[in-house]
Each structure stands twice: as structure tokens, then as C-alpha cells.
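Hi everyone, thanks for coming. Let me put the sequence and the structure up, and then we'll walk through one sheet and its surroundings.

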Amino acid sequence: MTSEIINPRAATTVTGVPGVDSDDNLLDPVFALHRGGKMTVTSTVPVRDAADLSLAYTPGVATVCAAIAEQPELAHDYTWTSQVVAVVTDGSAVLGLGDIGPAASMPVMEGKAILFKEFGGVDAVPLALECREVDEIVETVARLAPSFGGINLEDIAAPRCFEIERRLQERVDIPVFHDDQHGTAVVTLAALRNAARLTGRGLAELRVVISGAGAAGAAIAKILLGAGIGDVALCDRKGVLSVDRPELTGVKAELAAATNKAGLSGSLADALAGADVFVGVSGGTVPEEAVATMAPGAFIFAMANPTPEIHPEVAARYAAVVATGRSDFPNQINNVLAFPGIFAGALQVRAARITEGMKLAAAEALAAVVADELSADRVIPSPFDPRVAPAVAAAVAEAARAEGVARR
């Protein structure tokens, strides 16, 4: 049976979409929520009469424009640019959907924008780009940058995402933040800090194995090393990254040189023997026999969605603390705990970029929110905890000032 959705903003009918009853046009709840989009633009000033119009637009607006032309920095005070983030994607690595393209990515980008607003009080605009080459993306975003106070790169596939972020930050004087990398890393570190506190251990005592050497895995490894973790081994499909693997290039070669102090080689299962922490950002399934070889009282953060690399029921047999990327299990490693507060803090002080120190401060502040409430099922706050974004924002703003990247 052919089903149809009537687009309320156009005189066209979209047919063949599952979840819709064609007889009475009743929508599936998911389609109902997304119908017409999840965002709108509202004004912050009234336009009730000619006097209001003359202030908000011509002729009054010309006075402000002339002032900004003479002193460009006034744009931060008299336009929205310093208070709004661009959420930018090319649609090449969307959630668990993969390369679905810019048009299909838009519901996710809208969702990200409303999370910025709802959880951090930050305005955000979704921008889905019809281009894939690094040069094209960098040039496009750099030319758009004067309209925004920050750039959140989203769902761009590795390894292009690394170069895009690096080159953009070199081109623009506002924060550029790839959330799939750094948001995940900040929340992971916060949960790991609290797991260590709960069990009376220090980060320097822990050996971590990361399954997945893409965007998230690379960023997690870097932030853990910056936080003083004992050792980190990253694994890709071919096994442990090590300096003995001659085929490694680029980011993976850099990671191999900076990690794996123990000189491990072989498979993920080989690396897990005696490991204190498993961090999964790759998908796939880790055999229970391999999990059983981890050190007593291990931490297992299996974050693939919707299917964790190690099912929580299996993980609980061997681990003192279990976390996933899902909301229906305790200890959800959710990026929404990080990016709204990080950007709120960066925008508050008009930071030129987001430094490693700001990320570490965000992780420490996030962990501290529940530091006095710790249990095996509570090493990280809920995304709905109202303390999260203000705590993270304050810590990020303070760190930005301390590191000399704040401009107010």
C-alpha cells in the first residue's frame, strides 16, 4: 500500500514513506515530530509600528552598520555573531547511518542545534554542505565564519575530519570543534575519572584499550594521555597500533608513536589481557572470552550504538563500572553532556579557539557534578541534570582566560 505525507509548507505530496497511514494521513510519532522541521527563527525585538521598524531596520540600522565598519569588533556586541554556532556537516558519517549525504543529514543537524539551545542556551544554525573535498569544505566554512561565534563540525568522516578541523582553526579566529572527536573524549574522561575515584584508583594506574582508531578513538586517546593516564593502546581492524606496523600513516602513525608504551602487538583480544579499561567506539562484538581476561575490577565503556561492543549484561560479570552510549542503560556517554557547556563557556569569553586545557577543564567539571553521589551506576550525570552545562561553561571560561585565548 502506498503511503503519503502532506508537506504543510508546500502544495506537494510525498509518497512511499513508511509509518504513515494513507487512508487518514495519521503520522508515525517520529515523522509527526519532524514534520516541517524542528526549528524556527524568532526575533528578539518587537516590530509593532513604524518607530520600531525604523530602529530595527532602515534608517536606524545604518548607524550601527557604519559603527561596525569603523570598528569591526563591535559586530560581537551589536549582532548575534558572537552568540551563535554553525553546525556543519557533509553528511558523510551520520550517527549510525554512515554516508547518507547532506540532505538526509539535516534532521540530525537540526537535532544538534536544538540540543545546543535546550541544554546550553546557545543558538545554533545547521549547515549541510554539498561538497566533500577538504579544500572545498575548509574554504566554504571559512567564508561563512564571519556570521558565527563558533563552528561545530559534525558527522564528517575520518580521516578528512582531522585535517578539516586543523585547517579551519588556522584560518578563523573563532572556536572550531569536531564534536564526534572531542565531545566524546571529554565525556569519556569525565566518566573514567569518576570510575577511578569510586574504586580508589588514580588515572596513572590504569591501562586502557580503545577499540576504534577513527575520530572518536583518536581524540579519546589524546585527552587520556593529557590527563595522565598510565597507558593507552588503540586498535583498528588490523589490531594494535604500534610503531612496528609499517603501513600506518598520518594520524594513525602519530597515535602509534604517542601510545602503547607497553609495546603490545596482535589483536584487540591480545591487548585486553590484563587491561584495566575497555573503551569501544568501533562497533562489532568483543568475545566474552577476551573480556574475561581483563584485570579484576575493570571498567568497560562499550559505546557503539545501538549495539554496544560488549553487552552490559556480559560486561557486568567482569567489570566494576559499565557505561554505554545508550540511554536505556546506566552511565550513558552522551556528547550532549559536553558540547553545549563547552561552547557556552567559549562564547562567554569570546575565545579564539578551544584548547586542550579547556577540554580537560570541561571533563573535570563534568565529573565533579556527581563526585559526591558516585555509585557503579552513576559515574556520569544525566543529560537532564541542570547543573551540567553551567558547571562546564564556567570551567571552560576560566580555562580560556588562564590559557590566554579569551578576549573578554
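**One sheet and its surroundings**

So, there's an open sheet of 4 strands here, in the order β6-β5-β7-β8, with parallel pairing. Strands pair if DSSP finds at least two bridges between them; helices (H or I, at least four residues) and strands (E, at least two) are DSSP runs, numbered from the N terminus. β6 (123-128) and β8 (176-178) are at the edges with a single partner strand each, so one side of each has no neighbour in the sheet.

A quick word on the source: this is a predicted model, where local features need pLDDT of at least 70, side-chain atom pairs count only at pLDDT 80 or more, and totals for chains, interfaces and linings use all residues. Residues are numbered from 1 along each chain as its sequence is written, and side-chain values use heavy atoms, leaving out hydrogens and water.

Now look at β5 (residues 84-89) and β7 (residues 150-153): they run parallel, joined by 4 bridges. Val-85 sits opposite Gly-150 in β7.

Which residues does Phe-343 touch, leaving aside its neighbours within four places in sequence? Val-85 and Gly-150 are among them, and so are Ile-151, Asn-152 and Phe-177. Contact here means heavy atoms within 4.5 Å. Phe-343 belongs to helix α14 (residues 339-348).

Is Phe-343 buried or exposed? Buried, at 0% relative accessibility. Buried means under 20% relative accessible area, exposed over 50%, and partly exposed in between (1.4 Å probe, protein chains only). Arg-166, in helix α7 (residues 160-171), is partly exposed at 44%.
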